[in-house]
Amino acid sequence: MKLSNLAVVALCSGVAVSAFAEADRDNWPRSLTIGTGSQGATYYIYGSGWGNLASEATGSSFGAEVTGGPVQNVTLVQMGEHEFGMVTMGPAYEAWQGNSELAPGIEHTDIRAVFPMYQTALQVISLSGSGISSISDLDGKTVGVGPAGGTGDMYYPQLFEKLGLNVRTRNGGAADQASQVQDGLLDAFAFAAGIPVSAFSQLEAQVDVNIFSFSEQEMEQFLDDFPELSPATIPASAYSSLDEDASAISLWNFAITHKDMPESLVYEVTKTVMENHERMIQVHGSARETMPENFVHNTFIPWHPGAVRWFEENGYEIPADLRD
């Protein structure tokens, strides 16, 4: 929704933003950590990319740290151990309610939204010669589901159970588990990440693979029980192994910070990412969805005041119940 009373603010934003940032710059941390995911995963590549952009824009040093993914990231930000993190909305909601596996009973209500990222799609890769080309083919198999506490680890076991499949799941980093598929140590690797998954692309460059996700018929059996999940599509253009678009399911991702992070710093981070769309796409193709209008997919995390300031200066109205 456009805010007409912000027209004058927009005209002088260059001066105002500079003065606002400079006045508070002494309170900015000089070194900040972004919780991402495992190496070879979209989170790590994407987080390193926007961290580099933020470093250029602010003069502070933003470093991407390998983690177990969103379940760990939300707790690290809540506890003040990381300044920023990247989360999928399912694990974030569980943590918000105090149901985090890492910190049970602690409501993670000190986290604040910074900017929308992209949809995480649940995707599976197997060797072409394995005879595994669908979710039902995973019955009785050993499948990697990414790092312990990651989105894949959270959802795949539940979804396999809903479908009545007996699947042995194993944890590990994205790059490692893709290699284990190639070496025959895993029958398949089921991951949750932005499209395309770097580890998938690297594997298909070396061997013939099948890439697939949940069929529409399978989704009908569990989507009512997981309202945070929604149907998605893996475009054929994402992987050379796909001849046509493939159905999938997904969750939205957001960057978060702690409520005590300086307002001016968060403003500059939000501004940098939201106003450098093409550079973000160069970081990772999933950033095509990193657009300000996708702020609407956050329905429960309050926005940090610095983010609110940028969005509303640019014509996007943050709901009253999500303002800090």
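1. A good place to start in this predicted model is the set of buried residues in helix H12: Gly306, Ala307, Val308, Trp310, Phe311, Glu312 and Glu313. That makes 7 of the 9 residues in the helix, which spans residues 305–313, so H12 is largely enclosed by the rest of the structure. Just past the end of H12, have a look at Gly315, whose phi is positive at about 90 degrees.

2. Glu312 deserves a second glance. Its relative accessibility is 14%, and since buried means under 20%, Glu312 counts as buried. The Glu312 side chain meets that of Arg323 in a salt bridge, with 2.5 Å from N to O. Glu312 sits in helix H12 and Arg323 in the segment after H12, so the pair ties together parts that are 11 residues apart in sequence. Arg323 itself counts as partly exposed, at 39% relative accessibility.

3. The segment after H12 has another charged contact worth checking. Here Asp324 forms a salt bridge with Arg112, at 3.0 Å from N to O. This pair links distant parts of the chain: Arg112 belongs to strand E4 (residues 111–127), Asp324 to the segment after H12, and the two are 212 residues apart. Arg112 counts as buried, with 7% relative accessibility.

4. Elsewhere, Lys162 and Asp225 form a salt bridge in which the closest N and O atoms are 2.9 Å apart. This pair also links distant parts of the chain, 63 residues apart: Lys162 is in helix H6, while Asp225 is in the loop between helix H9 (216–219) and strand E9 (230–234). Both partners are partly exposed, Lys162 at 42% relative accessibility and Asp225 at 44%. If you want to go through the full set, a search of the whole structure finds 7 salt bridges.

5. Now to the largest pocket, which holds about 300 Å³ of space. Its lining is made up of 16 residues, and those that lie nearest the centre are Met89, Gly90, Pro227, Glu228 and Leu251. The elements that give two or more residues to this lining are helix H5 (89–96), helix H6 (151–162) and strand E10 (246–258). Helix H5 provides the largest share, with 4 residues.

6. What is the character of that lining, counted as nonpolar, polar and charged residues? It divides into 9 nonpolar, 5 polar and 2 charged residues. One small link to point 4: helix H6, one of the elements giving two or more residues to the pocket lining, is also the helix that holds Lys162.

Terms used: Residues are numbered from 1 along each chain as its sequence is written. This is a predicted model: local features need pLDDT of at least 70, side-chain atom pairs count only at pLDDT 80 or more; totals for chains, interfaces and linings use all residues. Side-chain values use heavy atoms; hydrogens and water are left out. On a 1 Å grid over the protein atoms alone, a cavity is a set of points where a 1.4 Å probe fits but cannot get out, and a pocket is an open set with protein on both sides within 12 Å along at least five of seven lines; lining residues have an atom within 4 Å of a point. Grid points are joined across faces, edges and corners, and a volume is the space filled by probe spheres set on the points. Ala, Val, Leu, Ile, Met, Phe, Trp, Tyr, Cys and Pro count as nonpolar, Asp, Glu, Lys and Arg as charged, and the others, Gly among them, as polar. Buried means under 20% relative accessible area, exposed over 50%, partly exposed in between (1.4 Å probe, protein chains only). A salt bridge is a side-chain nitrogen of Lys or Arg within 4 Å of a carboxyl oxygen of Asp or Glu.
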